[in-house]
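Me: I've got a structure open on my screen and some questions about it. Can we go through them one at a time?

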Amino acid sequence: MYSFRTVSVIPDLPEQICRLKELARNLWFSWHPQAELLFSSLDARLWEEVNHNPVKFLLYADTEKLQKAAANPAYLAIYSSVLADFDKYMQGETWYQKTYPEQTSQLVAYFSAEFGVHESNPVYSGGLGLLAGDHCKSASDLGLPFVGVGILYKQGYFCQRINREGRQEAHYCFMDFNEMTVTPAALPEGGEVIISVRLPGRDVYIKVWQLQVGRTVIYFLDSDLAQNSREDRLLTAKLYGGNQDTRICQEIILGIGGVKALRRLGIYPTAWHMNEGHAALTVLERLREYVQRGLSLAAAREVVRSNTVFTTHTPVPAGHDVFSADMVERYLGEFYGDLKTDRDGLLALGWDEGRQGFNMTKLALNHAAYTNGVSKLHGVVTKKMFSHLYPGIPLEEMPIHAITNGVHTETWVAPEIRKLFEKYIGPEWAGNISDPHRWQNVYSIPDQELWETHQVLKGRMIKFVQNNIYRRMDRNFQPLELIRECAGYLSKDVLTIGFARRFATYKRAYLLFTDKERLARLVNNPERPVQIIFAGKAHPADQPGQELIKMINEVSAEEPFKGKIVFVEDYDINVSRHLLQGVDVWLNTPRRPLEASGTSGMKAAVNGVINCSILDGWWPEAYNGENGFAVGTARDYENEEVQDREDARSLFDLLEQVIVPYYYRRVEGVPREWVRRMKDCLATIPWQFSTERMVKEYTQRFYLPAAGRGEAFSADSYRLAVRVQEMKKFLTENWHQISFRAVRVEQPPLLKENAEILILAEVFLGPIRPGDIVVEVVYGKVSDHGLAQVTLMPLIFKRQVAESVYEYETNIVLIRGTSGYTLRIRPKDDCFAHPFELPLVKWADNF
Ligand SMILES: *Cc1c(COP(=O)(O)O)cnc(C)c1O
């Protein structure tokens, strides 16, 4: 094909409403319904056609309509109030400024392969991207100095069309960035930002775009430039498209290109956050910077590590990106020289012995002072997955943390529910979402009012779904009478279950279909029927996922299910928002423990929609017996078939015996007990599972300590980094020499409560100095796998007994019941981010 340039001519907006242009370029509008109204009220149809993209909307909006609005006092009143809110938001004092006035020069850079901020920017595939988008919004709300870095995929993920046979078709369309809410990033001195990354035999040029999300900026990288070859222009075409080569190129662009882009923009972050292993190559580029400044690779690793945060999301090892040594050589070989190392030295940074390859998750783990999973359960699963890297270290003490995901509450709450919050929690309800006390006020919402509001949302959702099905049937040339029928699909009076998420097999969309007879009875119960709405995309390479979509579509066309089980095509943020604001029950059936967190249920809860979920991911933390429903129990299974069978059975039981009767039990038309549960859900879930709480947690636990460490490690020509690195090396090389020579315990013959035990230990340290280690008592409850809920008590240095032999002692006081205790030696350093930053330990033998 021939090539051409595109230009977009922006219409002149009438003077009175010219700041619409500014609103259109800031995603702030997307979580402020009044701001959205400024666009949608001008031309509701066009607003839908452009999928809520305000830049495109203004490009195509009718001049006459704009002029009419500019002369309409009612419109102008909303316009002024929205802009006043906007200005206040952008300039007002924030949580961060108030809480950390001394830390305003810190800056967090957050790297993610996908960002799901809004449907108008379809550069996300699922939960990972949505989380990143919501993270940015809360960073903005809180005033955290923060930038995001991602990739601007020209074709996004893909659009899903369901064809006549019920199969998914993946459609890719090229986006015109000029018609989107992004703008080219600009150099301080003016001009576009173009950087390059090295790929085998060539440089690939990357243009930097930016997206304004409230106060936060996300920088996006784009290889679709005329300077690049045709193939290279397509490197950033598709999210999760192509093969391993595409994947490593995209990761090079994100990680290495991302760091270079920030530098070109004059941005020097003080804390670096890698959201999932896709972003791990930031590590290499940052190492290169330090090695080029004269640091050894080993010391550079300590500097990089000191202020790096890594969040892992994948609970199965097979889900982590691993590249062969050959690929690393081909794509990253230039780093051998730049890092003053060789092939083995580079591979060692992220080598995965088990999978015999270069593992992005390991690269990230090895270079992050702070690593976390995304729910408490996932934290434990992650520890188990990596326990081989921490030999001898108890699970609960491994240096892997948990920060549970959240959602950006204001983004997901329906405008009508927001009004209830304003009325009953207070007009400032969104000012401090993570404060639990104010949420108690939801109990003062009258049952009737909450229920009627929910019914309004349900009605809107059903219309939306009918439209979606209508459009699909029309496009597929289905018979007219069938098309007409779909206006009668779904009813506002029927208990409605929603299930929408990526069609990854572990999410088990098929669970209800494992017993079709029972399902038929459930949906066709004459007094108490049930209807179910499905939506979701399967990755184009995921055959089983696509089969599942086909199966559900086939079933939904069959008689006892027609109009009662429906599939909504092209799941995206817009579809997601409609469904989880309008259904009665949000269903989640992952194969435990494969759902790292899950966030759609949190979004549903913000709207008083009740969760019915397997106790996986976030749900065990949220579920309190009253605020939703739990499927099955929190147990582990060895066999997947057994697990499916038992989970399906408990799901049906729960639906038939509890959920359905509950829902249909009415007092004066209102299901009182159901509404009570809706309120329990509103009182207990949104504050806790908000990104406001989550970003505060990242800030306090990781970002600020990381920034402090980064500064300390870099001071005085990286003196501390060099010292820590030398100390780690020395301890690692000599640790095997450490041993317990003798342990003596003196205890009274009868152990009463508060009895003291005296413990004396003689240890041999070889060349290691007593100051570099700690000898400690570990005691706690006796459990199946050793000691649990342990308490640590350091022994006190008493004297040197002989060459390299030292004596330590302490008293411990035992609590009632049976406790276990033992002794160990571990490295100690004030500069460690975690007691086991250096994972070495020596336990007392035969104790
Ligand atoms: C929230 C959301 C997700 C993630 O939902 P899970 O429950 O984690 O599967 C995926 N896609 C969209 C469009 C979402 O809004």
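Me: Which helices each supply at least two residues of the shell around the ligand?

Reply: Before that, some ground rules: this is a predicted model, where local features need pLDDT of at least 70, side-chain atom pairs count only at pLDDT 80 or more, and totals for chains, interfaces and linings use all residues. Residues are numbered from 1 along each chain as its sequence is written, and side-chain values use heavy atoms, with hydrogens and water left out. Helices here are DSSP runs of H or I, at least four residues, and strands are E runs of at least two, numbered from the N terminus. The helices you want are helix 8 (127-142), helix 25 (573-582) and helix 26 (600-606).

Me: How many residues surround the ligand?

Reply: A residue is near the ligand if one of its heavy atoms lies within 4 Å of it. The closest are K507, S576, T599, S600 and K603, and the full number surrounding the ligand is 14.

Me: How far is the polar side-chain atom of K603 from an oxygen atom of the ligand?

Reply: Let's take the polar contacts together (pairs of N or O atoms within 3.5 Å; within protein, one must be able to donate a hydrogen and the other to accept it, and residues adjacent in sequence count only if both atoms are side-chain atoms). T599 uses a polar backbone atom, 3.1 Å from a ligand oxygen, while S600 has a side-chain N or O atom 2.5 Å from one. For K603, the distance is 2.6 Å.

Me: How much of the ligand's accessible area does the protein cover?

Reply: Accessible areas come from the Shrake-Rupley method with a 1.4 Å probe, and for residues only the protein chains shown count as cover. On its own the ligand has 390 Å² of accessible area, and the protein covers 96%.

Me: Which domains each give at least three residues to that shell?

Reply: Domain bounds come from an automatic or database domain assignment. That assignment gives domain 1 (15-91), domain 2 (105-402), domain 3 (409-438 + 445-689) and domain 4 (738-843). The shell draws at least three residues from each of domain 2 and domain 3.

Me: How many residues of domain 2 are in contact with domain 1?

Reply: Contact means heavy atoms within 4.5 Å. Taken over C-alpha atoms, the centres of domain 1 and domain 2 are 34 Å apart. On the domain 1 side 19 residues take part, and on the domain 2 side the number is 18.

Me: Why is helix 11 called largely enclosed?

Reply: Buried means under 20% relative accessible area, exposed over 50%, and partly exposed in between (1.4 Å probe, protein chains only). The buried residues include L284, L287 and Y290. Helix 11 (residues 282-292) is largely enclosed by the rest of the structure because its buried residues number 10 of the 11.

Me: Is R263 buried or exposed?

Reply: R263 sits in helix 10 (residues 244-264). Beyond its neighbours within four places in sequence, R263 is in contact with Y268, P269, W272 and E289. Its relative accessibility is 18%, so R263 counts as buried.

Me: What is the relative accessible area of E668?

Reply: E668 lies in the loop between helix 28 and helix 29 (672-684). Its phi is positive, about 50°, although E668 is not a glycine. E668 is exposed, and its relative accessible area is 69%.
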